[in-house]
Amino acid sequence: MTTNNDQDHLIPIDHPRYESLKYRHKIIEGMKALVVAEAGLIAHGRGECFDYMLGEKTNETAKDAIEAAVALLLTATHPVISVNGNTAALCPNELVDLSEIINAPLEINLFYRKEGRIEAIKKVLEEAGAKQILGLDELKMVEIEELSSNRRNVDPNGIKIADVVFVPLEDGDRTEALKKIGKKIVAVDLNPISRTSIWADITIVDNIVRVVPEMIKIAKKLKETDEKNLKNIIKRFDNKKNIQFSLNTIIKYTKKQKKKTFIKLKKKNKNQNLIK
Ligand code: ATP
Ligand code: MG
């Protein structure tokens with residue numbers, strides 16, 4: 001009998017969309033292992049669409065935002081990395097490395113709390129080398145006001161006391177709630193006009209799979225510099241401009257593609273006319 005579980009396939013490395021398909025596959029595998037919620041698949045698709053329009057690469061604007069984000073996390077007293085199913089499925093090893101380098105604990109915080117999901121994500125993070133994971137003990141969790149869903153529960157040793165929270169692929173309601181209780185927010189969101197992107201203090205408009213490795217690289221460098229330099233980087237950063245530049249990148253890329261596609265279509269039409 002054919003089931004949804006029979007979709008395993010090998011993606012040839014020379015496939016033009018190899019990278020994209022590889023991560024799509026990781027999300028599907030994550031869903032089968034309970035790590036990713038069904039809705040996480042759709043959220044991934046929404047992200048892919050924006051990634052396409054950004055040229056599927058880390059642009060200069062995102063690089064500046066990454067530098068500011070790392071500086072803010074390094075100067076924080078209690079930085080925390082909030083982990084959901086999609087991020088755990090896409091880049092668990094890198095999340096663990098980043099957590100160690102910037103000295104920020106990982107806290108599992110989910111939108112969809114299906115039975116067994118927290119354990120599944122815990123397993124993925126532990127296999128990636130995580131030694132300490134917050135957000136596991138439901139009984140010890142405390143509530144944050146401003147949020148009605150079950151994600152109002154946070155770890156008393158994590159997000160509750162955090163001054164800076166790193167929230168990759170976050171929902172707008174939660175970002176807004178965290179802002180309202182005074183947290184500084186670093187977001188990763190491929191959609192520069194999502195509510196999360198607009199509410200965050202620093203919005204990295206790029207794919208999480210490229211962002212975290214870049215953050216690790218920058219953190220290694222910035223850890224060697226002094227506090228004054230870090231504060232200057234943060235001061236120079238303007239999130240309003242960052243979002244505008246990210247939108248400009250999409251506009252420019254789309255215009256370029258419009259020209260390229262027009263040339264391709266013209267060639268195609270010519271060839272077809274020859275065949276006729
Ligand atoms: P908001 O709640 O902020 O208004 P939304 O409801 O459109 O946004 P959510 O599903 O709540 O979206 O959040 C997921 C966000 O994560 C989306 O904006 C999506 O574009 C983004 N996203 C999905 N996959 C990735 C990825 N791999 N890297 C970065 N961002 C991603
Ligand atoms: Mg949302």
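In this predicted model, a polar side-chain atom of Asn207 comes to 2.9 Å from a nitrogen atom of ligand 1. The protein takes up much of the ligand's surroundings: of the 620 Å² of accessible area that ligand 1 has on its own, 87% is covered by the protein. Asn207 also turns up among the closest of the residues around the ligand, in the company of Arg46, Asp171, Gly172 and Asp189.

So where does Asn207 sit along the chain? Its place is in the loop that runs between strand E8 (202–204) and helix H9 (208–222). With a relative accessible area of 13%, Asn207 counts as buried, because that value falls under the 20% cut-off. Setting aside neighbours within four places in sequence, the residues in contact with Asn207 are Asp51 and Leu190.

Asn207 has company in touching the ligand through polar atoms. An N or O atom in the side chain of Arg46 is found 2.4 Å from an oxygen atom of ligand 1. At Glu170 it is the backbone that takes part, with a polar atom 3.4 Å from an oxygen atom of the ligand.

Stepping back to the whole site, ligand 1 sits in the largest pocket, and 18 residues surround it. Helix H2 (38–53) and helix H8 (195–199) each bring at least two residues to this shell. H2 provides the largest share, with 4 residues.

Definitions and conventions: Residues numbered from 1 in each chain as written. Chains lettered and ligands numbered in written order. Predicted model: local features only at pLDDT ≥ 70, side-chain atom pairs only at ≥ 80, totals over all residues. Heavy atoms only, no water. Buried < 20%, exposed > 50% of the residue type's maximum accessible area, 1.4 Å probe, protein only. Contact = heavy atoms within 4.5 Å. Near = heavy atom within 4 Å. Polar contact = N/O pair within 3.5 Å; in protein donor to acceptor, adjacent residues only side chain to side chain. Areas by Shrake-Rupley, 256 points an atom, 1.4 Å probe, with all protein chains shown as cover. 1 Å grid on protein atoms, 1.4 Å probe; cavity = no way out; pocket = protein on both sides within 12 Å on 5 of 7 lines; lining within 4 Å. Sits in = over half its atoms within 2 Å of the grid points.
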